[in-house]
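Colleague: Could you take me on a close look at the ligand site in this model? I would like to see what surrounds the ligand, and then how that part sits in the chain as a whole.

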Amino acid sequence: MLVVNDNAYSEIYFDPSDRPISIFEIEGAKEVALELFSLSKGYNMTGWRIGWAAGRAEFVNALGVIKSNTDSGVFTAIQDASIVGLDMPFESHDHIRDLYRDRKNRVVSRLSAAGVKMYPSKGTIYLWGHVPTTESSVQYASRLLQETGVVIGPGVGWGPSGEGYFRLCLTTPDDRPDEAIGRIVTDLEKWKSSHS
Ligand SMILES: *Cc1c(COP(=O)(O)O)cnc(C)c1O
């Protein structure tokens with residue numbers, strides 16, 4: 001059995017003590033594991049469809065056999081852009097981490113102040129909160145979309161345990177999350193006054 005570690009968020013954490021580990025930091029892992037990384041999150045290249053697999057040659061070759069029969073190489077301009085990204089000093093990740101941390105803190109404090117129970121994350125570009133109305137997560141997300149134009153993820157989309165929760169994605173530039181949070185807060189005030 002091969003253990004495949006999908007390490008897409010290895011660079012997106014907010015406190016050094018929460019740094020996700022590579023599976024290869026565990027003794028013996030090289031014998032049984034393959035690790036995947038995507039430039040989507042840590043390099044802000046979502047949708048560019050590029051990453052890598054690291055591990056023993058026989059495991060990577062097996063993946064290569066499947067890949068070369070299902071698709072072909074990534075567009076070379078994207079490969080070139082990735083090389084530029086990977087050649088950047090490693091500290092440039094600090095900037096990305098700072099950006100997501102500030103954005104997360106701002107969104108958490110504004111929504112918490114409005115009475116939404118938020119769950120500040122230790123990493124990733126996502127943020128979870130408790131649905132602040134008596135609606136299901138799908139009802140809440142659909143109504144927000146229709147009435148405010150804001151897209152949130154209904155928690156149930158990640159499995160039945162997600163019911164009652166919603167997920168926000170923090171990837172858009174700062175004025176847009178600010179605008180979206182403002183609309184969510186206004187909607188909640190309206191909802192509360194019509195249900196009291
Ligand atoms: C974003 C993400 C990926 C990367 O997918 P891409 O197709 O490279 O964008 C892989 N695994 C997880 C868990 C992710 O969230």
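Modeller: Happy to; here is the ligand site, followed by the chain around it. Please keep in mind that this is a predicted model. The residues around the ligand are Asp6, Ala8, Tyr9, Ser38, Ser40, Lys41 and Arg49. By type, this shell divides into three charged, two polar and two nonpolar residues.

Let us go through the polar contacts in turn. In the side chain of Asp6, an N or O atom is 2.6 Å from a nitrogen atom of the ligand. Lys41 offers a polar side-chain atom that lies 2.9 Å from an oxygen atom of the ligand. For Arg49, a polar side-chain atom is found 2.8 Å from a ligand oxygen atom. As for cover, the ligand has 380 Å² of accessible area on its own, and the protein covers 63% of it.

Now for the chain as a whole. You will find seven helices and seven strands in it, and from the N terminus on they run β-α-β-α-β-α-α-α-β-β-α-β-β-α. Taken along the principal axes, the C-alpha atoms fill a box of roughly 65 × 35 × 35 Å.

One helix pair is also worth a look. Helix 5 covers residues 92-113 and helix 7 covers residues 175-194; their axes come within 10 Å and cross at roughly 15°. Angles under 35 degrees count as roughly parallel, so helix 5 is roughly parallel to helix 7. The crossing of helix 5 past helix 7 is right-handed.

Definitions and conventions:
Residues numbered from 1 in each chain as written. Predicted model: local features only at pLDDT ≥ 70, side-chain atom pairs only at ≥ 80, totals over all residues. Heavy atoms only, no water. Near = heavy atom within 4 Å. Polar contact = N/O pair within 3.5 Å; in protein donor to acceptor, adjacent residues only side chain to side chain. Areas by Shrake-Rupley, 256 points an atom, 1.4 Å probe, with all protein chains shown as cover. Nonpolar A, V, L, I, M, F, W, Y, C, P; charged D, E, K, R; others polar. Axes fitted to C-alpha atoms, helices over the stretch in contact; angles between N-to-C directions. Helix = DSSP H or I, 4+ residues; strand = E, 2+ residues; numbered from the N terminus. Parallel < 35°, antiparallel > 145°, perpendicular 65-115°, else oblique. Left-handed = near helix turned anticlockwise from the far one by under 90°.
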